[in-house]
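Grab a viewer and try a few short exercises. Work each one out before you peek at the solution.

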Amino acid sequence: MEKKKVVTQSLKDVGERLPTALFVRIHRSHIVSLDAVIRYNKKDKMVQLTDGTSLEVAHREEKEFLKNFESA
Amino acid sequence: MIKALLIDDEPHANALLKIIIEKNFSTLITVSGMAQSIQEARVILMEKQIDLVFLDIHMPEENGFTLFNYFPSPTFDVIFTTAFDKYAIQAFKYSAFDYLIKPLDKEALGETIERYLSKKTILRLQKEQISLLSSYINRSEKGNKRIFFNTIDGIEMPFIKDILYIKASGNYSEIYNKYGKKESRNTIPKRCG
C-alpha cells in the first residue's frame with residue numbers, strides 16, 4: 001500500500017467511521033490518530049506526528065484536542 | 001461477610017488476589033470460589049450465593065462481558081480487573097464502574113473495597129450500562145481491525161492502527177499510512193545485461 005491513498009469519502013464521512021477513542025479532528029481539513037501525535041507546539045498551534053508531518057490545529061478544536069492528553 | 005468469586009484465566013492472578021484479600025481484608029471478604037473461565041464461573045454462581053465478583057475482562061474463550069449473557073440481571077456486584085490499557089481506563093472513568101488495574105496491589109484493592117462498602121445502596125449493573133461499557137472496550141480493541149474505504153480504483157483496507165492522519169481533499173479524503181511507500185514504484189527488477 002502507498003503512504004497516501006485517496007478515498008472517495010469526505011473527511012466528515014471518514015471521521016464518522018473511525019473509532020473516536022483513537023482519532024481526533026484538529027482542523028476542518030485534518031483528522032489525526034492520537035497515537036501518532038508526538039509533539040504539540042502551543043505557540044504555532046502545530047502538531048507533529050511520528051512520521052515528521054506537521055499539521056495545524058484550528059483554534060476552536062484546540063481545547064478538545066488537548067483534552068486527550070490530560071493525565072489518566 | 002461478603003462472599004467473593006474471583007474470575008481470571010491466569011491462575012496466578014486469582015491466587016495473588018486471594019492472598020491480598022486474606023492477608024488484609026479477611027474480616028470483610030471471604031473468597032468463596034475461583035474460576036479460570038466464564039463457564040467455570042457460571043457453575044459456581046449457580047451453586048453458591050456470591051455477593052461480589054472480581055471479573056477479568058480479557059480472557060481467551062469468552063471475555064468478561066459474556067458473564068452478563070448468562071446472568072442478564074445479576075444478583076451479585078462486579079469489580080472489573082484489567083491490565084493497564086489507557087482506552088479501557090478511559091472507558092471505566094466514563095462509565096463509573098469499579099475497576100482494578102493489574103498487577104493488583106494492596107492499596108488499590110483497599111480503596112476499591114472501601115468505595116464498594118460505602119455505597120449506601122448497592123448498584124447492580126444494568127444491562128444498558130454493561131453494553132455501553134462493552135462497546136467502549138470493543139472500541140479500544142478496534143485499532144487492530146481493518147477499515148474499508150472506497151477508492152477510485154477499488155477498495156482500500158488499512159489497519160486502523162496504521163493510519164496516521166487524514167486530510168480533506170475536496171469531497172474526497174487522503175489517508176496517510178504509517179508503513180506505506182512514499183510513491184508507488186515499479187517492482188520488477190531490471191536485469192543487467
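Here are three exercises on this predicted model, each with its solution.

**Exercise 1.** Work out whether Gly110(B) is buried, partly exposed or exposed.

*Solution.* Start with where the residue sits: Gly110(B) belongs to helix H5 of chain B, residues 106-118. Next, count neighbours: 13 other C-beta atoms lie within 10 Å of Gly110(B). Buried takes 20 or more and exposed takes 12 or fewer, so Gly110(B) comes out as partly exposed. While you're there, check Phe25(B): it is 85 residues away from Gly110(B) in sequence, yet the C-alpha atoms are 7.9 Å apart.

**Exercise 2.** Do the same for Thr151(B), then find which residues it touches beyond four places in sequence.

*Solution.* Thr151(B) is in strand S6 of chain B, residues 149-151. It has 14 C-beta neighbours inside 10 Å, so it counts as partly exposed. Skipping residues up to four places away, its contacts are Lys5(A), Val6(A), Val7(A) and Thr8(A) in chain A, plus Glu156(B). Ser173(B), 22 residues off in sequence, sits 9.7 Å away, C-alpha to C-alpha.

**Exercise 3.** Find which members of the largest nonpolar core touch the most other members.

*Solution.* The core has 27 residues, and the ones to pick are Leu5(B), Leu6(B), Ile7(B), Ala41(B), Val53(B), Phe54(B) and Leu55(B). Now zoom in on Val53(B): leaving out neighbours within four places, it contacts Leu5(B), Ile7(B), Phe76(B) and Val78(B). There's also a second, separate core of 21 residues, with Leu11(A), Val24(A), Val37(A) and Tyr165(B) among them.

Methods
Residues are numbered from 1 along each chain as its sequence is written. Chains are lettered from A and ligands numbered from 1 in the order in which they are written. This is a predicted model: local features need pLDDT of at least 70, side-chain atom pairs count only at pLDDT 80 or more; totals for chains, interfaces and linings use all residues. A nonpolar core is a set of buried Ala, Val, Leu, Ile, Met, Phe, Trp, Tyr and Cys residues joined through C-beta atoms within 7 Å. Two residues are in contact if their C-beta atoms, placed from the backbone, lie within 7 Å. Helices (H or I, at least four residues) and strands (E, at least two) are DSSP runs, numbered from the N terminus.
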